[in-house]
Each structure stands twice: as structure tokens, then as C-alpha cells.
Amino acid sequence: MERLDKMNRNWQKLKQSANGIPTNESLIPYILEILKDGKEMKNRVIREKVIIFLQIPDRILEIKYPNYPESEGVLLNRFSFALSNLYKANAIERPKRGIYKITEIGKSLLNQYGDGLTKKILEEQPAFKKYMEELAIRNERTGSTGLLLEDMQEDVMLEVENRINNRKNEVAIELLEKVRQVEPTFFENLVVKLLIAMGYSGKNGEAKVTTRTNDGGIDGIINQDPLGTSTVYIQAKRYQEGNKVGRPNIQAFYGALASVNADRGVFITTSSFSKGAVEFAKNQGIVLIDGIKLTDLMLQYEVGVEVAKIYKLFRIDNDYFDNDI
């Protein structure tokens, strides 16, 4: 059966998500269009040809997931979902690792529906139904809800990320309140342990909290090498929320650094810094860490917290299958 209409070549006419990126479903017919001559093709080549066919601009390709700026991009990730659905419906096959080829079923679907081919149509194919039956059995055995990853649109996935981030922020608020309640000595030890966890002590370095009676305005010292040729000096102020660290505090710390001929200092507080303090520290090369940044670092390097639960989300490593062993 010959299809009567021609394929749309304008990406802007495709169904798009809220961020203006074509949905994974809208890519389905165009993957078949690229493969219709029966040639075997790698995933990367398929993506490139579809992008050229639809004239998708770089600005769309460059859009990343907010929490994953180093990822390959939202649109390229959506190709994986589209290929997966086509494979489930037996519209394409994988004759070799990382290689795709259209099937007779795929050709028939393309001829019949053209750019009107949808995921719903794919789901009506016998192969797709068989896949779903097996998935239902596996979900029953594992107690899963049966929600397909590709059915989780980007806004849903982002909502999951947002919920996780929101919970992290709630923990951070509780953590900061606890830190504000500890004894000053405990706090000084805490910030030294944090900097050690961040790698400031080096491979064979040494870190210590100074004696309170004779600290000279310096609460902690980290020697980053055994000879002490590279040293970081720390001042830690456990202040309540409304008690900002002002410019005089930073100037005093700068004087303490000068007394030991030091040019590297980190000032850490559980509160915040005044504008004057920030300006002075910037000009003198002093690193400032306020309460919010402090607890963010504690979460990142797992100081004073523990992991409650880890969830793993798997996906196919296409690079693995693109290479022969």
C-alpha cells in the first residue's frame, strides 16, 4: 500500500513538550522514514539523519536536563525511547550490536500511517502486546506498578528530580539547625573533617583544630603536604541565623593570616556574610562559606549525614553494543 501524503519535514509541526522539544513519540515515524530503504544503520547515524530531515536547530539539540548539564541532551535521549518502542512492536530489528534495520512490519506501518504513526498504533501490534504481557509478569513478581520509563514524560521525570531535591533541601535545613546547636569545639572539628572529606588535606597531609586558648584567630590548620609547604587556615563561627559575619570579622581573620605569613584562608559560618565582608574577602583571596553552602557541602561529601536509600535507574549502554568484543 502506497501512502498518499508526503512526510512533514518541519520539526516545528511535531508534537512538543512544554520546553519546545519534540516528544519521543513524534520521532517514531521519522526513524522508519530514514530506515525505509532497508539499510542497516547505527543509532548515531539514525539520529543525525532524522535531525537533518526535520531541520532541527542546534538550540534544540543543546537543551540539557537541568540536573544533568553534562548529559547528551533531552532530544537525543528521546530517540532512545522512540527506538525502543519501534523495537517492541517489531517495526525495527537489531541484526548486529548497535545496528538497526526496518522490518516488513515497519515498512507496512510507515506506508499506512506515514507521519501519523503513533505509539498507540505500535502498542496494537502483536509483538508489542507480547512484550507488555511479559512485563506484566515481571512486575507482578517484583511488586512493581508497571509504569514504563518512556511513559514518564520529561515533566514527570523532572518532577521526580524536583521532589528528591526538595527533600535534600529539607534535610539541609534540619542539618543546619543541628549544627547551630553544637558546641563551638564540635563545630570546629566538623569543618576540619569536612575539608578533609573534600580532599584538602592531600594524600599525606595533616589536619588539626588549634588550641582554643592560643589560636590567634585561627581555628583549624590543614597542611596539604608532609612538609607543610602548602597550608590552609580556617576560621569557624557558629552563629545563629540573624547574626551575620561582618567586614570586621573578615579583617581580623586576614590579620591572623598575615601573622603567620599565610595567603590561603577559609572562613566558615552557620549564618551568612554582610556585603562588606564579601567584598573584603574577595579582594584578599579569602574563601567564604555560609550556612547554606556549608550544609550543601556536608550533604555532597556525606559529613554528618548518611544515605537513607539508593534507587538505581538502568538504561541500555548503547556504546557497549556499538563495539565488537
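Mentor: A salt bridge, as the term is used here, is a side-chain nitrogen of Lys or Arg within 4 Å of a carboxyl oxygen of Asp or Glu. In this predicted model, the side chains of Glu170 and Arg167 satisfy that definition, with an N to O distance of 3.2 Å.

Trainee: Where do Glu170 and Arg167 lie?

Mentor: Both residues belong to helix H8, which spans residues 154-181, and they are three residues apart, about one turn of the helix. Glu170 is partly exposed, with a relative accessible area of 35%, and Arg167 counts as partly exposed at 44% relative accessibility. The contact also belongs to a wider arrangement, in that Arg167, Glu170 and Glu174 are linked in a network of salt bridges.

Trainee: How many salt bridges does the structure hold, and how should I read the others?

Mentor: The general idea is that side chains of opposite charge can pair when their charged atoms come close. The structure holds eight salt bridges, including one between Glu48 and Arg44, where the N to O distance is 3.5 Å. Being four residues apart in helix H2, Glu48 and Arg44 are separated by about one helical turn; Glu48 is partly exposed, with a relative accessible area of 41%, and Arg44 is partly exposed as well, at 46%.

Trainee: Which residue forms a salt bridge with Glu104, and is Glu104 buried or exposed?

Mentor: The partner of Glu104 is Lys107, the closest N and O atoms being 3.6 Å apart, and both residues lie in helix H5 (residues 104-113), three residues apart, or about one turn of the helix. Glu104 is exposed, with a relative accessible area of 60%, whereas Lys107 counts as partly exposed at 28% relative accessibility.

Trainee: Let us turn to the aromatic rings. How many aromatic pairs are there, and how is such a pair described?

Mentor: A pair of aromatic rings is described by the distance of the centres and the angle of the planes. The structure holds five aromatic pairs. One of them joins Tyr30 and Phe53, whose rings are 6.0 Å apart from centre to centre with 50 degrees between the planes, and this pair is tilted. Tyr30 lies in helix H1 and Phe53 in helix H2 (residues 43-54), so the pair ties together parts that are 23 residues apart in sequence. Tyr30 is buried, with a relative accessible area of 2%, and Phe53, at 10% relative accessibility, counts as buried too.

Trainee: What geometry do Phe267 and Phe273 have?

Mentor: Their ring centres are 5.8 Å apart and their planes stand at 75 degrees, so the pair is edge-to-face, the cut-off for that class being an angle over 60 degrees. Both Phe267 and Phe273 are buried, and together with Phe253 they form one aromatic cluster.

Trainee: Which charged residues sit over the rings of Phe53 and Tyr87?

Mentor: The charged end of Arg9 sits over the ring of Phe53, at 3.9 Å from its centre, and Phe53 is the residue that also forms the tilted pair with Tyr30. In the second case, Arg94 lies over the face of Tyr87, 3.8 Å from the ring centre.

Trainee: How should I read the sheet, and what is the order of its strands?

Mentor: Strands of a sheet pair through backbone hydrogen bonds, either parallel or antiparallel. Here an open sheet of three strands has the order E1-E3-E2, with antiparallel pairing. E1 and E2 stand at the edges, each with a single partner strand, so one side of each is left without a neighbour in the sheet. Two bridges join E1 (residues 41-42) to E3 (residues 99-102), and within that pairing Met41 stands opposite Tyr100. E2 (residues 92-93) likewise pairs with E3 over two bridges, with Glu93 standing opposite Lys101.

Trainee: What connects E2 and E3, and which strands does helix H1 lie across?

Mentor: E2 and E3 form a hairpin with five residues between them, and Gly98 in the turn has a positive phi of about 70 degrees. Helix H1 (residues 24-35) lies across E1, E2 and E3, running at about 90 degrees to E3. The same helix carries Tyr30, the ring partner of Phe53 in helix H2.

Conventions. Residues are numbered from 1 along each chain as its sequence is written. This is a predicted model: local features need pLDDT of at least 70, side-chain atom pairs count only at pLDDT 80 or more; totals for chains, interfaces and linings use all residues. Side-chain values use heavy atoms; hydrogens and water are left out. Two strands pair if DSSP finds at least two bridges between them. Contact means heavy atoms within 4.5 Å. Axes are lines fitted to C-alpha atoms, for helices over the stretch in contact, and angles run from 0 to 180 degrees between N-to-C directions. Rings of Phe, Tyr and Trp (its six-membered ring) pair if their centres lie within 6.5 Å; planes under 30 degrees apart count as stacked, over 60 as edge-to-face and the rest as tilted. Buried means under 20% relative accessible area, exposed over 50%, partly exposed in between (1.4 Å probe, protein chains only). A charge sits over a ring if NZ of Lys or CZ of Arg is within 6 Å of the ring centre and within 35 degrees of the ring normal.
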